[in-house]
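User: I'd like to go over the reasoning behind some labels on this one. Can you show it first, and then I'll ask?

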Amino acid sequence: MSELNDDIRRVIREELKNAEIPSNFERVWDTYNSKQENMSRKSNKKRWKAILVAACLATISVSSIAAISFVKRVENSKSVFEYDSNVVGYWEVIDIVDDIEQYDVHNRISDEDEFWLLQCIFEDDGDVKYVIKEGEKKQFIQASSSTWSKGVVWIEEFGGYIAQHYEIKNIDGEEYMFLEQKNGDYVYGRVDEPYYFILKKTDGLLEDIEIPEMRIDDTNIPFVYNEEMIGKWKAVACEWKIEDWQVGKVTPDLPLQELEIKENEMVNTKGQGETYIDLWRWSDTKIINLNDSTVMNCILKEIDGDTYMFMEWKSGDYTDNGRDPAYYILKKEVQE
């Protein structure tokens, strides 16, 4: 029995390690063995093995499950643009439902406090803009990753294109849209069906909306050499706040996969299937994006013997929508 236990222990540990899943494996295994020692010969050892597997699975983070999921409901490309005159205009969110058949125009199901999305603006050229809730504010955002074609809104995310279908119905003389919402739970197969936003066509933008001004940074920064920055850095996660991340937490399908910071002041970047040579510059603990006129500050930390970079991620949310930057977490590759 001891030999069999050793084999089980080795296989589970190797699989967890290969999948880069954080778990307190030794504690779980010791608990299993102590229980087994106290069992009589008539005890059901298969039951305790099942408990062991369940305990290991319970220690896996949700982010890691997403990263190793075999199911990913995205498309490799989006459809050719097809015009739909019925969808062009302003649409206000009035309800959220799990099923279209649930909706009754006279009986709202969801509370307005649950809405993070307040309004969608479908433009003639296929762009989609949004009004979202930011705390107590209504904020207008331009989302370059969102476009529409007849019957569908395309979202570029999770390493592909998500097709969120819409249906327009006339109810009591008013135009209503039923718009699928396919979040990460749906994309990675944790739920089987999307939920729906119910939107009503309106004449214009909601009142009291903040429209942020475009932000640019001063990129005229002299070069300062910092040996700690030199090398290759592999992206592992992206979070809105540094404190939201812990070792082992992974964000799947990041648009930025790797940085190579070179001694000649230049930075190579690697995305999903694409590598850009000398795309950015760097100085001291700053990454400089001349194309977008942004400067991304970096914090270097030693954690459990590894070096991590927490790099500000100044995307369109920062430059166009007035939001604070998110943070990329990158792990430095050890040079052979």
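**Strands, burial and salt bridges**

User: Which residue in S11 does Trp233 stand opposite?

Analyst: Leu259 is the residue in S11 that stands opposite Trp233. Bear in mind that this is a predicted model.

User: What makes S10 and S11 a pair?

Analyst: Pairing takes at least two bridges. S10 (residues 231–239) and S11 (residues 256–261) have four, in the antiparallel sense, so they pass the cut-off of at least two.

User: How do you know that S11 also pairs with S12?

Analyst: Again by the bridges: five join S11 to S12 (residues 266–271), and the two run antiparallel. With at least two needed, they therefore count as a pair. Leu259 turns up here as well, standing opposite Thr269 in S12. S11 and S12 make a hairpin with four residues between them, and Glu265 in the turn has a positive phi of about 85°.

User: Why is S16 called largely enclosed?

Analyst: Because six of its eight residues (the strand covers 306–313) are buried, S16 is largely enclosed by the rest of the structure. For the chain as a whole, 40% of the 336 residues count as buried.

User: Which strands does S16 pair with, and what are the bridge counts?

Analyst: S15 (residues 294–303) pairs with S16 in the antiparallel sense over six bridges. S17 (residues 326–332) also pairs with S16 antiparallel, over six bridges. Phe310 has a partner on each side: Ile299 stands opposite it in the S15–S16 pairing, and Ile329 is its bridge partner in S17. The S15–S16 hairpin has two residues between the strands, and Asp304 takes a positive phi near 50° there.

User: What makes Asp253 and Lys72 a salt bridge?

Analyst: Their side chains meet at 2.9 Å, N to O. The cut-off is within 4 Å, so the pair qualifies. The two come from distant parts of the chain, 181 residues apart: Asp253 is in the loop between S10 and S11, and Lys72 in the loop between helix H4 (62–68) and strand S1 (89–97).

User: Why are Asp253 and Lys72 called partly exposed?

Analyst: Partly exposed covers what lies between the buried cut-off, under 20%, and the exposed one, over 50%. Asp253 is at 25% relative accessibility, so it counts as partly exposed. Lys72, at 34%, gets that label too.

User: How do you know that Arg108 and Glu112 form a salt bridge?

Analyst: The distance is 2.7 Å, N to O, between their side chains, and anything within 4 Å of the right atoms counts, so in it goes. Arg108 sits at 44% relative accessibility and is therefore partly exposed. Glu112 has a relative accessible area of 48%, so it is partly exposed.

User: Asp217 and Lys314 meet in a salt bridge too. Why are both residues called buried?

Analyst: Buried means under 20%. Asp217 has a relative accessible area of 18%, so it makes the cut. Lys314 has 10%, so it is buried as well. Their side chains meet at 2.9 Å, N to O. The pair links distant parts of the chain, 97 residues apart, with Asp217 in the loop between strand S9 (209–210) and S10, and Lys314 in the loop between S16 and helix H6 (316–319).

User: Which residues make up the salt-bridge network there?

Analyst: Asp217, Glu312 and Lys314 are linked in that network. The whole structure has eleven salt bridges.

Key:
Residues are numbered from 1 along each chain as its sequence is written. This is a predicted model: local features need pLDDT of at least 70, side-chain atom pairs count only at pLDDT 80 or more; totals for chains, interfaces and linings use all residues. Side-chain values use heavy atoms; hydrogens and water are left out. Buried means under 20% relative accessible area, exposed over 50%, partly exposed in between (1.4 Å probe, protein chains only).
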